[in-house]
Each structure stands twice: as C-alpha cells, then as structure tokens.
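Reader: I have the model open and would like to talk through how two of its helices meet. Could you take me through the reasoning step by step?

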Amino acid sequence: METFIQYTINGIITGLIYALVAIGFNIIYSSVKIVNFAQGEFIMLGGVVEFYLLGLGWPVVLSLIASSVFVGIVGILIYFIFIKNTRKPTELSLIILTIGISVLIRGITMVVFGKNAYPVKNFLPFESVSVAGLTFSSQYVIVLSVVVVLVGLLFWFFSKTLTGKLFVASSLNPLACRLFGVNVSNLGGMSFFISGLVGAIGGAVVAPISFVKYDMGLMFGLKGFAASVVGGFGNNIGAVVGGLVIGISESLAAGYVSSSYKDMVAFVVMIAVLFVAPEGIFGSKDVERV
C-alpha cells in the first residue's frame, strides 16, 4: 500500500506540471485560437535560464522571477514577430508555424548551452521530507505549493478581472471587441506573455526533479497537450484533471509494469478518452472559452 501511495504522489506532482503546460495551451487558444506547439519550449527555457542564473550566484527566488519574465518576453516576441505577421493565417498554417518555432528555440538553446543535461539543486535547504513513513523530495513541496497558487491566480484572473473577461470575449467575437475599442492584437501578445510566464515557472520548479536539457520541453509539451485534450481543450479545470489523470497513470504504469512504457501511457489515455468522449472530460462540443 505504501508503494501505491508513493507512486500516486509522484504522479500527482508530475501531473501538476502537465496541467501547467495544458493551461498554457488554453490561455493562447482562448484568445487567438492557436494551438501553440512551442509551449513545451517555454518549460525548457524556464529551467535552462534558471540554471544559468543560479550558476551566476543569483538567489533562487530572483532567478525564478527573472527566468519567468524572460520567457514571457520571448512569448511576446513570438506573437508579434511570427504570429501577427503571418499572411492569410489558417489553423493548419499556424500549427505548423508553432512547430517550426519550437524547433528553432530548441536548436538555439542546444547551440548556446550544449547537449548535456544539467542538475539543479532543490530550492529548500533540506533534500527530503517524511510524512507517515513515506519520504519525498523536498522539491515536491515547492512544486505543489507553486502550482496550487498559480492555478488559483489564473482562475481568479480569467473569471474576476476585466482583462481576463476580455480574453474570453475576444475569443468568442474578436470583431465585436474591436468595434468596442478593444485592442485584440495586444490581448494576443499578452496571452503569449502569460503562457510563457506560466510555462517558465513550471520549468523552473520542476528543474531540480528532472535534469535541465535543451530537449526537455518536447515531451512536456506533448504530454501537456494530451492533458489538455483529455480534460477538454479550452477548459482550465479540465486541464488540471487531465494532467493529474495522465501523471498518475504513467507513474503507476512505470512502477508496476515498466518504465519503458512511461511515455506511451499519456497518449494511450488520450486516445482512450477520445474514443469515449471526443470533446474531453470537461469539454463541450463547441469549445469557445477558458
């Protein structure tokens, strides 16, 4: 039983990171209707930049903030340089564009930081915590705390603030928003900034658990996408549930079957859910809002 609980908690922590990636997908999709396949690279950049700043002797909190803001700015640049200047954009062309951007970011990072994987120390001064006879990495406490606070802030932002409601309105009817004087283009840039910020924070806090490497964002991005589909694309509650379902499933599969099947589980779960509920667990047939 202790082993089962241990695997489940490991899965919850991993699933929360997938949930952050999935929410990043939702934030951009809700405002500009783009499935951003460069989302995983935001995770990678957050971890890599944080590692670099820690190496310069920066404090943990300051390096976390700086790396997150940096990646958020990268997100803004992606929107205004690539997305906004795309002529006659279609859903397919924008998906291909974001895949190309993902490859570009990964390549630049590989050139700058190399192909090696780099370890990052836990944020807390002690390595592990023990609860009810079970021992966990102290970084789990950081991941759990940060993700819970971040998800709460995002729910509050999108449901209670005028700017958050404008995101929803611009996704439903961008023309009407323009007629009312709303700068929809700026909302698009802001959505990429927030998405980059969220992804970078996820990458920074997960860095001590999984080594930092130039291609670490690839699998996080794909599994985050799977989590978003499982939960219902465009639904943030669904993103959290989808992330937890996939994280726990792959942890149990790795523990009881074989770690060789770990990466496959996310996509098996996604396909199974699509067979039963094509719109996802919390999705609607006409996904229009976050």
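Reader: Why are H5 and H6 called roughly perpendicular to each other?

Author: In this predicted model, H5 and H6 pack at an angle of about 75°, with their axes 5 Å apart. Angles of 65 to 115 degrees count as roughly perpendicular, so the pair earns that description. On the H5 side the contact is made by Phe-157, Phe-158, Ser-159 and Lys-160, and on the H6 side by Leu-162, Thr-163, Gly-164, Lys-165 and Phe-167. These residues comprise four nonpolar, three polar and two charged.

Reader: What makes the buried residues of H6 line one face of the helix?

Author: Happy to show you. The residues in question are Gly-164, Phe-167, Val-168, Ser-170 and Ser-171, each buried, that is, under 20% relative accessible area. Viewed down the axis of H6, they fall within an arc of 165°, so they line one face. Their cover includes H1, H5, H7 and H8.

Reader: How do you know that the buried residues of H5 are on the same side?

Author: The buried set is Gln-139, Tyr-140, Ile-142, Val-143, Val-147, Leu-150, Val-151, Leu-154, Phe-157 and Phe-158. Around the axis they cover an arc of only 145°, which puts them on the same side of H5. They pack against H1, strand E2, H6, H8 and H10. The face turned away from that buried side carries Val-148, Val-149 and Lys-160, which are exposed, meaning over 50% relative accessible area.

Reader: How does the reach of H5 compare with the expected value?

Author: H5 has 22 residues and reaches 31 Å from first C-alpha to last, close to the expected 32 Å.

Technical notes
Residues are numbered from 1 along each chain as its sequence is written. This is a predicted model: local features need pLDDT of at least 70, side-chain atom pairs count only at pLDDT 80 or more; totals for chains, interfaces and linings use all residues. Side-chain values use heavy atoms; hydrogens and water are left out. Helices (H or I, at least four residues) and strands (E, at least two) are DSSP runs, numbered from the N terminus. The expected span of a helix is 1.5 Å times one less than its number of residues. Buried means under 20% relative accessible area, exposed over 50%, partly exposed in between (1.4 Å probe, protein chains only). The arc is that of the directions from the helix axis to the C-beta atoms. Contact means heavy atoms within 4.5 Å. Axes are lines fitted to C-alpha atoms, for helices over the stretch in contact, and angles run from 0 to 180 degrees between N-to-C directions. Angles under 35 degrees count as roughly parallel, over 145 as roughly antiparallel, 65 to 115 as roughly perpendicular and the rest as oblique. Ala, Val, Leu, Ile, Met, Phe, Trp, Tyr, Cys and Pro count as nonpolar, Asp, Glu, Lys and Arg as charged, and the others, Gly among them, as polar.
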